[in-house]
There are 2 protein chains.
Amino acid sequence: MRTVFWLAASLCPVLLPACQPPGEPGAPAADVAAEAQAIRDVNAQWLAAVSARDAAATAAIYLPEGRLMPPNAVSALGSAAIAEFYRGIFELPNLSVSWTQDLVEVAESGTLAYDVGPYSLAYDGPSGRVEDRGKYLVVWKKVNGQWRVAAESFNSDLPLQ
Amino acid sequence: MRTVFWLAASLCPVLLPACQPPGEPGAPAADVAAEAQAIRDVNAQWLAAVSARDAAATAAIYLPEGRLMPPNAVSALGSAAIAEFYRGIFELPNLSVSWTQDLVEVAESGTLAYDVGPYSLAYDGPSGRVEDRGKYLVVWKKVNGQWRVAAESFNSDLPLQ
């Protein structure tokens, strides 16, 4: 029996690329650290697209069926609605918007992830500078080898005036 | 070579429970439909705990290190802060709160998931009934065989007054 086991185990890497050792159920774990870095890289593209006021490039960070769930407005569903949302944001005078990723957590399968962190947003309003800060939650999905935003929610830390 | 392949393939189910057929990289997929149903079941417990105004039972739906990210307040981090948040909510007179799960999506590994849907919230305020509606995004994580909330964000659909 031991011989049979060793035979199967030694053939496994050659013939069955996804074989797991016995007693280790589940996925050949994705390299979650590498996947988290890939998400950080896409996040950097996202920040760059926002900085460039490029609504189409910003919307392209989301899945075609992505959900942007902003406060005090209904969700923007899909690329066209998301680009439209960003066009509105980009019209705000002297807009400054930024966020940082406090935590990026990737599922063992390397297909789903989320991140959270603080954001800051400021622009010139009718009666002076408006300054907001809060936190976001983003769900990422890997589709065709690319991490894209499946859903995003955010809200202010500041009390209602 | 064909014989060797069949030998390895036929041994595989006996000796290597997690073997995958060649050419199918990745996890022996979790039963994502069953996992989604498990999340719906925990969500029903969550609604019941809220309905019973039980802050401890409600907080227990979250991971011990869970994040509750409410609008117009800083995040509640961890069980104690989350229970405290719910105690405040449960003091609202004639509170009515509910939500429905529009979408539950589970990672192939069966360890991470998210759901989204609409919520409604109403209570008697100082100057009459306050009625809010909006949407939520919840990230779920399976730990020790139990689905728990890792992070939750929500916000109103209604324009600022």
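**Figure 1. Aromatic contact between strands β5 and β7 of chain B.** With a relative accessibility of 10%, B:Y119 counts as buried (buried denotes under 20% relative accessible area, exposed over 50%, and partly exposed in between, with a 1.4 Å probe and protein chains only). B:F154 is likewise classed as buried, at 17%. The model is predicted, so local features need pLDDT of at least 70 and side-chain atom pairs count only at pLDDT 80 or more, whereas totals for chains, interfaces and linings use all residues. Side-chain values use heavy atoms, with hydrogens and water left out; residues are numbered from 1 along each chain as its sequence is written, and chains are lettered from A and ligands numbered from 1 in the order in which they are written.

**Figure 2. Tilted ring pair B:Y62 and B:Y86, followed by the edge-to-face pair B:Y119 and B:F154****.** Over all chains, the count comes to 14 aromatic pairs (rings of Phe, Tyr and Trp, the last by its six-membered ring, pair if their centres lie within 6.5 Å; planes under 30 degrees apart are stacked, over 60 edge-to-face, and the rest tilted). B:Y62 and B:Y86 form a tilted pair, at 6.1 Å centre to centre and 55 degrees between the planes. This pair links distant parts of the chain, with B:Y62 in strand β1 (residues 62-69) and B:Y86 in helix α4 of chain B, 24 residues apart (helices, H or I with at least four residues, and strands, E with at least two, are DSSP runs numbered from the N terminus). Both rings are buried: B:Y62 has a relative accessible area of 2% and B:Y86 one of 8%. The rings of B:Y119 and B:F154 meet edge-to-face, 5.7 Å centre to centre with 85 degrees between the planes. Because B:Y119 lies in strand β5 and B:F154 in strand β7 of chain B, the contact ties together parts 35 residues apart in sequence.

**Figure 3. Antiparallel strands β5, β6 and β7 of chain B****.** Strand β5 (residues 112-125) pairs with β6(B) in the antiparallel sense over 14 bridges (two strands pair if DSSP finds at least two bridges between them). One of the bridge partners here is B:D132 in β6(B), opposite B:L121. The two strands form a hairpin with two residues between them. Strand β7 (residues 146-156) is joined to β6(B) by 10 bridges, again antiparallel, and B:Q146 in β7(B) is the bridge partner of B:V143. In the hairpin of β6(B) and β7(B), which has two residues between the strands, B:N144 takes a positive phi near 50 degrees.

**Figure 4. Salt bridge between B:E35 and B:K142****.** The closest N and O atoms of B:E35 and B:K142 are 2.9 Å apart (a salt bridge is a side-chain nitrogen of Lys or Arg within 4 Å of a carboxyl oxygen of Asp or Glu). The pair links distant parts of the chain, 107 residues apart: B:E35 is in helix α2 (residues 32-51) and B:K142 in strand β6 (residues 128-143) of chain B. B:E35 counts as buried at 14% relative accessibility, whereas B:K142 is partly exposed at 28%. The structure holds 10 salt bridges over all chains.

**Figure 5. Salt bridges within helix α4 of chains A and B****.** In chain A, the side chains of A:E84 and A:R87 meet at 3.2 Å, N to O. Both lie in helix α4 (residues 79-90), three residues apart, about one turn of the helix. A:R87 is partly exposed, with a relative accessible area of 41%. In chain B, B:R87 forms a salt bridge with B:E84, the closest N and O atoms being 3.2 Å apart. Because they are three residues apart in helix α4 (residues 79-90) of chain B, these residues are separated by about one helical turn. B:R87 counts as partly exposed at 40% relative accessibility.
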